[in-house]
Amino acid sequence: MEAVDELEPKIENTWIENLGKYLLDISKYVTTGVVIASLFKDMDDSSTIYIVGTVVAVSTLIVGLVLTNKKRKRED
């Protein structure tokens, strides 16, 4: 029974770290999308795309970095 109890925190930490990596990837994809969208000059409301893209990219970057922080306190 002790082996199962010790395994649960590792599984939870792995899940959280993978979610953080996923959010970092989303941040990169949104940033790339905004840069590619800026290549199209015929867009009517490009400022909205820049603002929304920047907000989404920065927010997912911050949350991803927080979730992948490896300096967590270990419970001994």
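Which residue forms a salt bridge with K28, and how many Å apart are the closest N and O atoms? The partner is D25, and the closest N and O atoms are 3.2 Å apart. Please keep in mind, as you look around, that this is a predicted model.

**The overall picture**

Let's start with the whole chain. The protein has two helices and zero strands. Helix 1 covers residues 2-38, and helix 2 covers residues 46-67. Of the 76 residues in the protein, 16% are buried. About 6600 Å² is exposed, with carbon and sulfur atoms supplying 63% of that area. Among contacts with a separation of 6 or more, residues 24 or more positions apart account for 74%.

**Charged pairs in helix 1**

The structure holds two salt bridges. Side chains of opposite charge can pair when their charged atoms come close. The bridge between K28 and D25 has already been introduced; both residues lie in helix 1, three residues apart, about one turn of the helix. The other bridge joins the side chains of K21 and E17, with an N to O distance of 3.8 Å. K21 and E17 are separated by about one helical turn because they are four residues apart in helix 1.

How open are the residues of these pairs? K21 has a relative accessibility of 43%, so it counts as partly exposed. E17 is partly exposed as well, at 24%. D25, the partner of K28, is also partly exposed, with a relative accessibility of 28%.

**Where the helices meet**

Now turn to S27 and T60, a pair in contact across the two helices. S27 lies in helix 1, while T60 lies in helix 2. S27 is buried because its relative accessibility is 6%, under the 20% cut-off. T60, at 13%, is under that cut-off too and therefore counts as buried.

Leaving aside residues up to four places away in sequence, S27 touches A57, T60 and L61. With the same neighbours in sequence set aside, T60 touches L23, I26 and S27. The side chain of T60 also has a polar atom 3.1 Å from the backbone oxygen of A57.

A57 gives a link to another threonine, T32. This residue is in helix 1, and its C-alpha atom is separated from that of A57 by 9.7 Å, although the two are 25 residues apart along the chain. T32 is partly exposed, with a relative accessible area of 42%.

The table gathers the relative accessibility of several residues discussed here.

| Residue | Relative accessibility | Class |
|---|---|---|
| S27 | 6% | buried |
| T60 | 13% | buried |
| E17 | 24% | partly exposed |
| D25 | 28% | partly exposed |
| T32 | 42% | partly exposed |
| K21 | 43% | partly exposed |

**A nonpolar patch on the surface**

Which residues make the nonpolar surface patch? The patch is made by W15, L19 and Y22, and its area is about 360 Å². Y22 has its place in helix 1.

**Bringing it together**

Helix 1 is a good place to begin when you turn back to the model. Y22, one of the patch residues, is found in this helix, and so are K21 and E17 as well as K28 and D25. S27, also in helix 1, is buried and touches T60, a buried residue of helix 2.

Terms used: Residues numbered from 1 in each chain as written. Predicted model: local features only at pLDDT ≥ 70, side-chain atom pairs only at ≥ 80, totals over all residues. Heavy atoms only, no water. Patch = residues over 30% accessible without salt bridge, like charges linked within 9 Å, V, L, I, M, F, W, Y side chains within 5 Å. Areas by Shrake-Rupley, 256 points an atom, 1.4 Å probe, with all protein chains shown as cover. Salt bridge = Lys/Arg side-chain N within 4 Å of Asp/Glu carboxyl O. Buried < 20%, exposed > 50% of the residue type's maximum accessible area, 1.4 Å probe, protein only. Contact = heavy atoms within 4.5 Å. Polar contact = N/O pair within 3.5 Å; in protein donor to acceptor, adjacent residues only side chain to side chain.
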